[in-house]
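Grab your viewer and work through a few exercises on helix packing and chain symmetry. Each one comes with a worked solution.

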There are 2 protein chains.
Amino acid sequence: MNVTNLSHDPMSSWNDGELKRRILTFVQCVVDQNGPDYVPPAARIAVFDNDGTLWCEQPVYIQLAFALDRVKQLAGEHPEWRTTQPFQAVLEDDHEGLAATGMKGILALVAATHAGMTTEEFERIAREWFATGKHPRFNVLFTELAYQPMVELLSHLRSNEFKTFIVSGGGIEFMRVIAEQVYGIPPDQVIGSSGKMKYELRDGVPVLVRLPELDFFDDKEAKPVAIQKFIGQRPIAAFGNSDGDLQMPQWAAAGPGRRLMLLVDHTDAEREFDYRVSPLGRLEVALTEANERGWAVVSMKNDWKQVFAFEVGSR
Amino acid sequence: MNVTNLSHDPMSSWNDGELKRRILTFVQCVVDQNGPDYVPPAARIAVFDNDGTLWCEQPVYIQLAFALDRVKQLAGEHPEWRTTQPFQAVLEDDHEGLAATGMKGILALVAATHAGMTTEEFERIAREWFATGKHPRFNVLFTELAYQPMVELLSHLRSNEFKTFIVSGGGIEFMRVIAEQVYGIPPDQVIGSSGKMKYELRDGVPVLVRLPELDFFDDKEAKPVAIQKFIGQRPIAAFGNSDGDLQMPQWAAAGPGRRLMLLVDHTDAEREFDYRVSPLGRLEVALTEANERGWAVVSMKNDWKQVFAFEVGSR
């Protein structure tokens, strides 16, 4: 297949080359009814990690930025937060102090900002935040931080009758607020971490109340479990960017027939972030396995003509 | 709307009348772009209970029939079952003894027949059982026990760009084996009860092992929770048949705009089962609420021209 022959290039933000050809060829092969690699539409399942794979996760996860903003917004109602960790650290912009509270601190932040309201109230709060919150470096709405090449890839897969799913460690209801608008992915195809919920009638009106208790943490070994639980079929394509995603391509790769496993490697300090110098989104074990097994690895610097839609011009 | 004017009747197994007209009118209204009740396709979510709503659940749940058959198949490997409850009762066809073991007995049966194997092994076992197991009264494959009027309704909704979901107390992976074939519903639109799973590498090959531990029991108040978790949108139509389904139409009804809530009332001892004399599928609280709130109630005897596709002729 010669991609330059395409009258319309469905992946125009990708530099022409081996990697782009590999993706386009995979799609072409599985949809070719007369070819040996044909996969019927019902089995064309593709799964994508979100943070760092579909959108930017630096300098902090977008959902953490939301939680930090919410703590500041709610601080007036919680004077005790001025002297209680992890809230004190958040209010004082003390990043080291926050980091020192570890997973316990993160869960306390999530409980304070993601629970204690109904699902509808949470959706409204998240929607309002997305309408105004800006990324500290790029100064754009967080909804503009999707990687344009990945948005094109999602769209290309769906044009070829793939069903595209997000399978992320991020909060399922947080992502659902923007997944349709940003990625064209409907709520029921967004899978993520979740808290427990309680159904109750308030003056006869049913509500679902978000409880401050983790129900499912969708990371590492839990990702194939989530795929089986929510999708019920093994994907034929899996996309990730960090060691927390490793089990997704492992699981996808172990099925029969042609498959596409792909990792996004953050190599572009200029246009995005170079993860060689970042504590977030470590890609070591998964990169080794990708190289050993011949999975595709995207170098953002070399393979992407454009990273974000808001960039002016291209390299 | 006059349904007799339809050149093709999409619900030909329903007797013409107020109830059928109500369903067809609902669909016509929500798809009418110029009408006051228009709902965009992305929000056309319909949820269906399975046992007793989409297929026959008498004299025992189909999944229980599967579990009982599996105990008998596996008994040779478990001599201890001959003197251990609930297995002894199953092996001796002692229905009273089995019932006496209660929920504890059911969970022990599920653990023995639904866990301890990989997801792929379970799928194969269930698929083989569905290929041969027969219903004790109708003497047809269990996959032929779908209610023909409901299959037509599912199909009519999808023809009008609804997304149809099963939300059932039944096992999610058990139903997924047949949901596409029987109902035209893909695996990711089947929601149900589930056990915990564990991802592991066996000689480098990833498997998901089914553990003998309940993860989620999808009944009553848990159904709206499951809807929110798996679908992430409030349905505009909800279909059930028992008190265990009540919270689904409650949750659907509480949203804005036009909605359809419908309960199937088992009134036909001749063609199916009369639940007035059955311990299963009690419909009392939900029927009262349906009548008070004007939800639709199907009388199988009066509203369905045909119950099963395998019936010869019609009333």
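**Exercise 1.** Find which residues in helix 6 of chain B meet which residues in helix 8 of chain B.

*Solution.* Start on the helix 6 side of this predicted model: Thr119(B), Phe122(B), Glu123(B), Ala126(B), Arg127(B), Trp129(B) and Phe130(B) make the contact. Their partners in helix 8 of chain B are Glu173(B), Phe174(B), Val177(B) and Ile178(B). Next, sort the contact residues by character: 7 are nonpolar, 1 is polar and 3 are charged.

**Exercise 2.** Work out how helix 6 of chain B is oriented against helix 8 of chain B.

*Solution.* Take the stretches first: residues 119-132 for helix 6 of chain B and residues 172-183 for helix 8 of chain B. Their axes lie 9 Å apart, at an angle of about 55°. That angle makes helix 6 of chain B oblique to helix 8 of chain B. Finally, the handedness: the two helices cross in a right-handed way.

**Exercise 3.** Determine what operation lays chain B on chain A.

*Solution.* A turn of 180° with a shift of 0.0 Å along the axis does the job, with an RMSD of 0.0 Å. So you're looking at the relation of a two-fold axis. In chain B, Phe230(B) has the C-alpha nearest that axis, 3.4 Å from it. Both copies use the same surface, as 100% of the contact residues of chain B recur in chain A.

**Exercise 4.** Describe the area that chain B and chain A bury between them.

*Solution.* Count contacts first: 32 residues of chain B touch 32 residues of chain A. The two chains bury about 3,000 Å² between them, 58% of it on carbon and sulfur atoms. On the chain B side, Asp188(B), Tyr199(B) and Lys229(B) lose the most area to chain A, together 23% of what that side buries.

Terms used. Residues numbered from 1 in each chain as written. Chains lettered and ligands numbered in written order. Predicted model: local features only at pLDDT ≥ 70, side-chain atom pairs only at ≥ 80, totals over all residues. Heavy atoms only, no water. Axes fitted to C-alpha atoms, helices over the stretch in contact; angles between N-to-C directions. Helix = DSSP H or I, 4+ residues; strand = E, 2+ residues; numbered from the N terminus. Parallel < 35°, antiparallel > 145°, perpendicular 65-115°, else oblique. Left-handed = near helix turned anticlockwise from the far one by under 90°. Contact = heavy atoms within 4.5 Å. Nonpolar A, V, L, I, M, F, W, Y, C, P; charged D, E, K, R; others polar. Least-squares fit on C-alpha atoms with pLDDT ≥ 70 in both. Buried area = accessible area lost by both parts, 1.4 Å probe.
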